[in-house]
Amino acid sequence: MLKTPSGGAGNGIAATDGRLMSIGTVLNVLRDEFPDITISKIRFLESEGLVEPQRTPSGYRKFSAQDVERLGHVLRMQRDHYLPLKVIREHLDAMERGEAAPLPTVCRQRDGETVLEPVEAPTAARIGRAELLVAAEIGEPELAEWESYGLIVPFPDGAYDAEAVTVASLVVELGRFGIEPRHLRVMKAAADREAGLVDQVVAPLRRHRNPQTRAHAEARTKELAGLAVKLHAALVQTALGVRLP
């Protein structure tokens, strides 16, 4: 079984007393160390073979403590070492076989010499159109309408960022209160402006020739995005005079 460093997800795992956990419980366990984790991200890691939770007869996922420890390792190696999922999977599989597996690096040829460089940051998680419709439990008409308002935007190849599942789920929830997709264009415009501000800050780092500096840009982007989300939430709560739990 993989060891979890103290102070990480292991504390939450121990509290489960060996019982199997739902995906919502796993999300809460991991969120202390990984605030940006989402259910769609966990599902994507499962689809990539990084974790294999059990399934109930009804099809619900049930995670063991070992599953959550493995997820913690995957997320940590993505965050701290910028390793692609294929490399992470091979590394963890070797560890579970009892092999002494050093943290992977990439060998490159530069000016006739072999040098070690950090692996480039992983590409964004993607899902196909059919997968998005199933995961969000929506139909083609709804997705087409949301795309027309810019709430969900496909990549040029027709795939979507995995976070589109979260966006779709929230649009559905808001719709139950009578808030229609066309009303959400103002939120999309505000999000685009906030993203543009973050891009301005990290753009010089992304253009740097040093791969470590470019990797640092990815971490800085996540940090600034998290702060922007917290500020946005605080401003909305202040404007409405409410406090969310």
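The legends below describe close-up views of a predicted model.

**View 1. Confidence along the protein chain.** The protein chain has an average pLDDT of 78, and 80% of the residues score at least 70. Among its elements, helix H7 (residues 140–148) has the highest mean pLDDT, 93, and helix H1 (residues 10–14) the lowest, 40. The pLDDT is below 50 over residues 1–17, a stretch with 26 contacts in the model beyond near neighbours in sequence. It is also below 50 over residues 106–110, where the model has 16 such contacts. Where pLDDT is low, the predicted coordinates should not be read in detail.

**View 2. The salt bridge between Arg76 and Glu33.** The closest N and O atoms of Arg76 and Glu33 are 2.7 Å apart. Arg76 belongs to helix H4 (residues 65–81) and Glu33 to the loop between H2 and H3, so the pair ties together parts that are 43 residues apart in sequence. Both Arg76 and Glu33 are buried. A network of salt bridges links these two residues with Arg79. The structure holds 10 salt bridges.

**View 3. Thr38 and its surroundings.** Thr38 sits in the loop between helix H2 (23–31) and helix H3 (39–47). With a relative accessible area of 13%, Thr38 falls under the 20% limit and is therefore buried. Its side chain makes a polar contact of 3.0 Å with the side chain of Ser40. Leaving aside residues up to four places away in sequence, Thr38 touches Leu27, Glu163 and Thr166.

**View 4. The salt bridge between Arg129 and Glu147.** The two side chains meet at 3.0 Å, N to O. Because Arg129 lies in helix H6 (residues 129–136) and Glu147 in helix H7, the pair ties together parts that are 18 residues apart in sequence. Arg129 is partly exposed, with a relative accessible area of 27%; Glu147 is partly exposed too, at 23%.

**View 5. A salt bridge within helix H9, between Asp192 and Lys188.** The N to O distance between the side chains of Asp192 and Lys188 is 2.9 Å. The two residues are 4 residues apart in helix H9 (residues 185–206), and so are separated by about one helical turn. Asp192 is partly exposed, with a relative accessible area of 43%. Lys188 is also partly exposed, with a value of 23%.

**View 6. A nonpolar surface patch.** Val236, Leu240, Val242 and Leu244 make a nonpolar patch of about 370 Å² on the surface. One of these residues, Val242, is found in the segment after helix H10 (211–240). Val242 has a relative accessible area of 35% and is partly exposed.

Technical notes
Residues are numbered from 1 along each chain as its sequence is written. Side-chain values use heavy atoms; hydrogens and water are left out. pLDDT is the predictor's confidence in each residue, from 0 to 100. Contact means heavy atoms within 4.5 Å. Patches are made of residues with over 30% relative accessible area and no salt bridge: like charges are joined within 9 Å, nonpolar side chains (Val, Leu, Ile, Met, Phe, Trp, Tyr) within 5 Å. Accessible areas come from the Shrake-Rupley method with a 1.4 Å probe; for residues, only the protein chains shown count as cover. A salt bridge is a side-chain nitrogen of Lys or Arg within 4 Å of a carboxyl oxygen of Asp or Glu. Buried means under 20% relative accessible area, exposed over 50%, partly exposed in between (1.4 Å probe, protein chains only). A polar contact is a pair of N or O atoms within 3.5 Å; within protein, one must be able to donate a hydrogen and the other to accept it, and residues adjacent in sequence count only if both atoms are side-chain atoms.
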